[in-house]
Each structure stands twice: as structure tokens, then as C-alpha cells.
Amino acid sequence: MDNKYCEYPITMPEVKTKAEVKRISRDKMFMEIARIVALRGTCDRAQVGAVLVDPNNNIVAIGYNGAPSGEPHCDKAGHIMYQGHCIRTVHAEENCINKIENMSKGKYTLYVTHYPCVKCQVTLYEKIKNNPGTKLLIVFDKMYGTPTALSLLGDVHDVLQISKFIN
């Protein structure tokens, strides 16, 4: 059988005992997935990945930063800079959250490789506040840019929280 994705015969790994298996946490697993998703990003200033997880720990959307469909990518056409940010790309958080039509009630978690910019925070806040009973925890890995004062918005903490990923 000819398959470009794997070689045959497939060698099976040794079976480990329960004591030998070290499971990673769900948080670490979702953040690792976000890191892999980031590798699809087309902006060479920062490759960012995002993974949205529902209240039942199911992945409901992924996103990475890249040019809008049909537009040239930063890595080929160059950056369009505005106030220190490249605006040629749609950010990973936006790509991720915009894939969701309706969010059911409950607490969602967005794992993102970089601290979200203020534009993304506002976009996420708008999406969540328009879905009553829905809350969002944003877990980021790397600090990128300057922390924002989104907390100055009225009831933002009722629906949106931001936390640093702790490995």
C-alpha cells in the first residue's frame, strides 16, 4: 500500500504500564495544539495560534494569523504597519471566534500562543456578551505587546478573563 503520510509496516510502540505513563494536563494539551496551529500563520513577525474549547473540553474552532482569503500574505507581499501592528493579517483569535455561529451557555476557554491585542480582546468581548450565559477564559502563553486595560469596560469581568499559561 502506497501512502505518503506513513510508512508500512507501522511499528507499534511498547506498551507502558500505568505507572510509566505520564499524562499531560488538558491545559498543556490544548496549548500545544495552539502552538502547532500557529505554524500555519503567514505573518513572519509573529506566528500565532488559537484553540477554542467548549465547556465539555471539545475543540470547537482553531485559528491562526494570516491574510484574508484571496489577499497576499505578509511573508510574500510585506507588512502593512499601523501603530506598531501589521494590519495585513486577520489575527488568530478573530479567525477562531468568527468560525462560531452560536455559543451555548457555559464557560469556554481560548488557548492562544500570544497575549491578545486590544482589538482581539474587544472582538472576543463582543462575541461573548452577545451570548447570554456564556463566559470566556483566555489563556495565553507569551507576552506580546503591552497589557491592556480592558478591565475598564463595565461588566467585562462577568464574561471575559485573561490568564497566563503556567506550564
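Me: What is a patch here, and which residues form the nonpolar patch on the surface?
Reply: A patch is made of residues with over 30% relative accessible area (Shrake-Rupley method, 1.4 Å probe, with only the protein chains shown as cover) and no salt bridge (a side-chain nitrogen of Lys or Arg within 4 Å of a carboxyl oxygen of Asp or Glu), where like charges are joined within 9 Å and nonpolar side chains (Val, Leu, Ile, Met, Phe, Trp, Tyr) within 5 Å. This is a predicted model, in which local features need pLDDT of at least 70 and side-chain atom pairs count only at pLDDT 80 or more, while totals for chains, interfaces and linings use all residues. Residues are numbered from 1 along each chain as its sequence is written, and side-chain values use heavy atoms, with hydrogens and water left out. With about 310 Å² of accessible area together, the residues of this nonpolar patch are Ile80, Tyr82 and Ile87.

Me: Is isoleucine 80 buried or exposed, or partly exposed in between?
Reply: Buried means under 20% relative accessible area and exposed over 50%, with partly exposed in between (1.4 Å probe, protein chains only). Because its relative accessibility is 39%, isoleucine 80 counts as partly exposed.

Me: How many disulfides does the rule count?
Reply: A disulfide is a pair of cysteine sulfur atoms within 2.5 Å. The sulfur of cysteine 74 is too far for a bond, because the closest cysteine sulfur, in cysteine 86, is 3.4 Å away, and likewise the sulfur of cysteine 120 is 3.8 Å from its closest, in cysteine 117. By this rule the count of disulfides is 0.
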